[in-house]
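Biologist: I've got a few minutes before my next spin. Could you walk me through this model?

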Amino acid sequence: MFNFFKKKLKETYTYNDANQIVKEDITNENVTLGRKYTEELNFLKSIGVSSLDILSKDTLTRGEFTSLIINTFYPENIFDVSVWSENVFTDVSSTHPYYAEIKAAKDLEIVNGTYNNDFLPDEIMNYQDAIVVIIKALGLKYYAVANGGYPTGYYAAAGSFEILKGISNSETVLTGDVASKLIYNALFSAYADVTSVNSEGELGLTVSPDKNLLLTKYNISKYDAKVISTPLSAIEGAKTELGTVVLKLNDGSKLSVYAKDNDIQFELGKKV
């Protein structure tokens with residue numbers, strides 16, 4: 001399945017296996033009024049990665065945020081810890097509700113504990129540490145270290161890979177609202193692979209702008225495209241038959257798709 005997402009994500013046009021475009025309204029009636037990033041939360045909900053009971057909160061605990069990151073970035077994994085019983089950290093026993101996710105995050109070197117091996121899972125997660133966790137989850141730890149380490153290098157990495165895009169520089173508190181935006185940005189961030197680190201801390205880094213977590217983890221391809229030909233008129237080429245449109249993707253390629261019973265077939269120039 002290929003999804004064509006508008007920038008604002010008030011609407012989703014899903015291009016399915018039958019070569020049809022279907023409009024899906026993903027406005028979320030459950031979103032709390034007053035949020036800044038409702039559209040991002042709606043998007044997360046639409047692809048099944050959001051947890052409204054967590055993301056609707058004014059603050060998130062370290063355990064809650066860790067659970068969000070693990071379940072979002074590793075959706076294909078089942079973290080079965082039934083055979084484990086030892087504490088992950090001094091204060092994270094097997095009875096903790098986020099034991100599995102915290103153990104996975106520690107094993108993946110996404111989180112670590114304090115000097116005395118505490119994780120403080122029920123303490124409030126701060127904005128700065130949330131950025132660190134996301135950068136590590138994206139595999140960019142060494143990029144951050146090479147750019148100054150904690151915390152400046154992690155902010156540098158977050159800026160370079162657009163994790164902070166659209167977020168005010170004045171943000172200091174990690175709310176569920178802000179977490180929605182950070183996770184949304186991370187899903188759309190260009191895929192990067194640190195291939196080497198030499199003794200002087202210089203990196204070998206491969207960036208793939210055409211890949212991101214949406215593609216690699218959810219098999220969803222994001223396109224910015226424009227309707228260039230409809231049954232009524234055309235910007236390029238000839239008009240189409242009724243029920244079809246031609247899309248021009250941001251790489252310059254063109255795609256003819258069915259749009260029967262969809263208003264998009266009459267909206268020349270519409271970006272999807």
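Modeller: Sure, and one term before we begin: rings of Phe, Tyr and Trp (its six-membered ring) pair if their centres lie within 6.5 Å, and planes under 30 degrees apart count as stacked, over 60 as edge-to-face and the rest as tilted. Also, this is a predicted model, where local features need pLDDT of at least 70, side-chain atom pairs count only at pLDDT 80 or more, and totals for chains, interfaces and linings use all residues. Residues are numbered from 1 along each chain as its sequence is written, and side-chain values use heavy atoms, with hydrogens and water left out.

Biologist: Fine. Which residues do ring pairs link into a cluster?

Modeller: F43, Y184 and F188. The structure holds five aromatic pairs.

Biologist: How are the rings of Y184 and F188 placed?

Modeller: Their centres are 4.7 Å apart and their planes sit at 45°, so that pair is tilted. Both residues lie in helix α8, four residues apart, about one turn of the helix. Helices here (H or I, at least four residues) and strands (E, at least two) are DSSP runs, numbered from the N terminus.

Biologist: Why would a spacing of four places work in a helix?

Modeller: An α-helix has 3.6 residues a turn, so residues three or four places apart point the same way.

Biologist: Are Y184 and F188 buried or exposed?

Modeller: Y184 is buried, and F188 is too. Buried means under 20% relative accessible area, exposed over 50%, and partly exposed in between (1.4 Å probe, protein chains only). F43, from the cluster, is among the buried residues of helix α1 (residues 38-46), along with E40, L41, N42 and L44. After α1 comes G48, with a positive phi near 80°.

Biologist: What about Y143 and F161, how do they pair?

Modeller: Edge-to-face, 5.5 Å centre to centre with 80° between the planes. Y143 is in helix α6 and F161 is in the loop between α7 and α8 (176-188), so the pair ties together parts that are 18 residues apart in sequence. Y143 counts as buried at 15% relative accessibility, and F161 does at 8%.

Biologist: You mentioned α7. Which of its residues are buried?

Modeller: Helix α7 (residues 152-160) has G153, Y154, A157 and A158 buried. They cover an arc of only 140° around the axis, which puts them on the same side of α7; the arc is that of the directions from the helix axis to the C-beta atoms.

Biologist: And what do they pack against?

Modeller: Against α5 and α6 (141-146). V132 is a nice example from helix α5 (residues 127-137): V132 touches Y150 and Y154, not counting residues up to four places away in sequence. Contact means heavy atoms within 4.5 Å. V132 itself is buried, with a relative accessible area of 9%.

Biologist: How far apart are V132 and Y150?

Modeller: 18 residues in sequence, and 8.0 Å in space, C-alpha to C-alpha.

Biologist: New topic. How many residues are in the largest nonpolar core?

Modeller: It has 61 residues, and F65, F73, I134, I135, I163, L174 and L187 have the most contacts inside it. A nonpolar core is a set of buried Ala, Val, Leu, Ile, Met, Phe, Trp, Tyr and Cys residues joined through side-chain atoms within 4.5 Å. Apart from that one lies another core, of seven residues, including V227, V245, L247 and L249.

Biologist: Back to the big one. What is I134 in contact with?

Modeller: F65, I69, F73, I163, L182 and A186, leaving aside neighbours within four places in sequence.

Biologist: And strands? How many does the chain have?

Modeller: Nine strands, plus nine helices. One open sheet has three strands in the order β7-β8-β9, with antiparallel pairing. β7 (225-229) and β9 (254-258) stand at the edges, each with a single partner strand, so one side of each is left without a neighbour in the sheet. Two strands pair if DSSP finds at least two bridges between them.

Biologist: How many bridges join β8 to β9?

Modeller: Five, with β8 covering residues 244-249. T244 stands opposite Y258 in β9.

Biologist: Which residues form the hairpin of β4 and β5?

Modeller: β4 is residues 191-197 and β5 is residues 203-208, paired antiparallel over six bridges. There are five residues between them, and G201 in the turn has a positive phi of about 80°. A192 stands opposite V207 in β5.
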